[in-house]
Amino acid sequence: MSTIMTTPVRPIVRAEEIRVAVHATDPLVRAGLHSALGEGPGISLRDDPAQADVLVAVAEDDPRLIPAGSARLVLVADQPNQAEIWAAVERGLAVVVARSEATPGRLLRAVADAHAGRGDLPAEQLGSLLRGISRLHKEVLEPRELTLSGLSPRETEVLRLLAEGFDTGEIARRVAYSDRTVKNILHGLLSRFKLRNRTHVVAYALREGLI
């Protein structure tokens, strides 16, 4: 009697759902974006940007009118100036898409890139942004002993030693600070980034690439 061999059925693996919201003052443009994005697999449209992973916004007006939040921003624009780029950066800018290239396929790719943490800016906008960052460092951060990471050099050093397992006293001796100074630095970091404890601040610093 022959044995019938069957191939096991593999479970279907669904792509991770990306929650997407749209911002556009023109109702026709907004409807067009909804239509284009709604066709994408794994896309779940949301009315409230606060509930979205990615916000697709058209720069019809001042980018400062774009809702601020935790969503990563895909900006549809032609030639945004430096002030508009900075306003978009403050709102989580990840990708800039030229209006002439805003096809459904391009928008869906931009959403996927933004959701995955991949940035994509045209060369002229990227150059403008880098020049602005350099000026920000020289004129604003450096005089306040801060770096682009948002940490001062001594905060960075204390965090590195904490991540290596040293306690308050050992850190104080290595950096020639008092125990109180080290505690104040750590307390300041916990308060600024709204973290719970020392383990949490080390995990946050490592995850964000601060140390």
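Me: Helices here are DSSP runs of H or I with at least four residues, strands are E runs of at least two, and both are numbered from the N terminus. Read along the sequence, what pattern does the chain follow?

Reply: Keep in mind that this is a predicted model. Going along the sequence, you get β-α-β-β-β-α-β-α-α-α-α-α-α. That pattern comes from eight helices and five strands.

Me: Okay, on to strand pairing. In which sense do β3 and β4 pair, and over how many bridges?

Reply: Strand β3 covers residues 54–58, and its pairing with β4 is parallel, over five bridges. To find that pairing in the viewer, pick leucine 55, whose bridge partner in β4 is leucine 73.

Me: And in which sense do β4 and β5 pair?

Reply: Parallel again, this time over four bridges, with β5 made of residues 93–97. Leucine 73 turns up on this side too, standing opposite leucine 93 of β5. Another spot to click is valine 74, whose bridge partner in β5 is valine 95. Between these two strands the chain runs through helix α2, residues 82–89, and the β-α-β crossover it makes is right-handed.

Me: Now burial. How many of the residues of β4 are buried?

Reply: The cut-off you need is that buried means under 20% relative accessible area. By that test, four of the five residues of β4 (72–76) are buried, so the strand is mostly covered. For β5 it's five of five, so the rest of the structure largely encloses this strand.

Me: What share of the residues in the whole chain is buried?

Reply: Buried residues make up 36% of the 211 in the chain.

Me: How do I read contacts along the sequence: what percentage of those with a separation of 6 or more is between residues 24 or more positions apart?

Reply: That percentage is 52%.

Me: Let's do charges. How many salt bridges does a search of the whole structure find?

Reply: Eight. The cut-off is a side-chain nitrogen of Lys or Arg within 4 Å of a carboxyl oxygen of Asp or Glu, so you can test each pair with one distance. Arginine 46 and glutamate 17 pass at 3.9 Å, N to O. Arginine 46 is in strand β2 (43–46) and glutamate 17 in the segment before β1 (18–23), so this salt bridge ties together parts 29 residues apart in sequence.

Me: Are arginine 46 and glutamate 17 buried or exposed?

Reply: Something in between. Arginine 46 is partly exposed, with a relative accessible area of 24%, and glutamate 17 is partly exposed at 47%.

Me: Which aspartate forms a salt bridge with arginine 106?

Reply: Aspartate 120, with 3.1 Å between the closest N and O atoms. This pair links distant parts of the chain, 14 residues apart: arginine 106 is in helix α3 (104–115), while aspartate 120 is in the loop between α3 and α4 (123–141). Arginine 106 is buried, at 10% relative accessible area, whereas aspartate 120 is partly exposed at 29%.

Me: And the side chain of which aspartate does arginine 118 meet?

Reply: Aspartate 113, in a salt bridge of 2.9 Å, N to O. Here the arginine is partly exposed, since arginine 118 has a relative accessible area of 44%. Aspartate 113 is buried, at 14%.

Me: Last topic, rings. How many aromatic pairs does the structure hold?

Reply: Generally, you describe a pair of aromatic rings by the distance between the centres and the angle between the planes. There is one aromatic pair here. Phenylalanine 193 and tyrosine 204 form it, at 5.0 Å centre to centre with 35° between the planes, which makes it tilted. Phenylalanine 193 is in the loop between α7 (179–192) and α8 (198–207), and tyrosine 204 is eleven residues away in helix α8. Tyrosine 204 is buried at 19% relative accessible area, while phenylalanine 193 counts as partly exposed at 22%.

Me: And over the ring of which tyrosine does the charged end of arginine 154 sit?

Reply: Tyrosine 177, with the charged end 5.8 Å from the ring centre.

Methods: Residues numbered from 1 in each chain as written. Predicted model: local features only at pLDDT ≥ 70, side-chain atom pairs only at ≥ 80, totals over all residues. Heavy atoms only, no water. Buried < 20%, exposed > 50% of the residue type's maximum accessible area, 1.4 Å probe, protein only. Phe/Tyr/Trp six-rings, centres within 6.5 Å; stacked < 30°, edge-to-face > 60°. Lys NZ or Arg CZ within 6 Å of the ring centre and 35° of its normal. Pairing = 2+ DSSP bridges. Right-handed = clockwise from strand over helix to strand, strands pointing away. Contact = heavy atoms within 4.5 Å.
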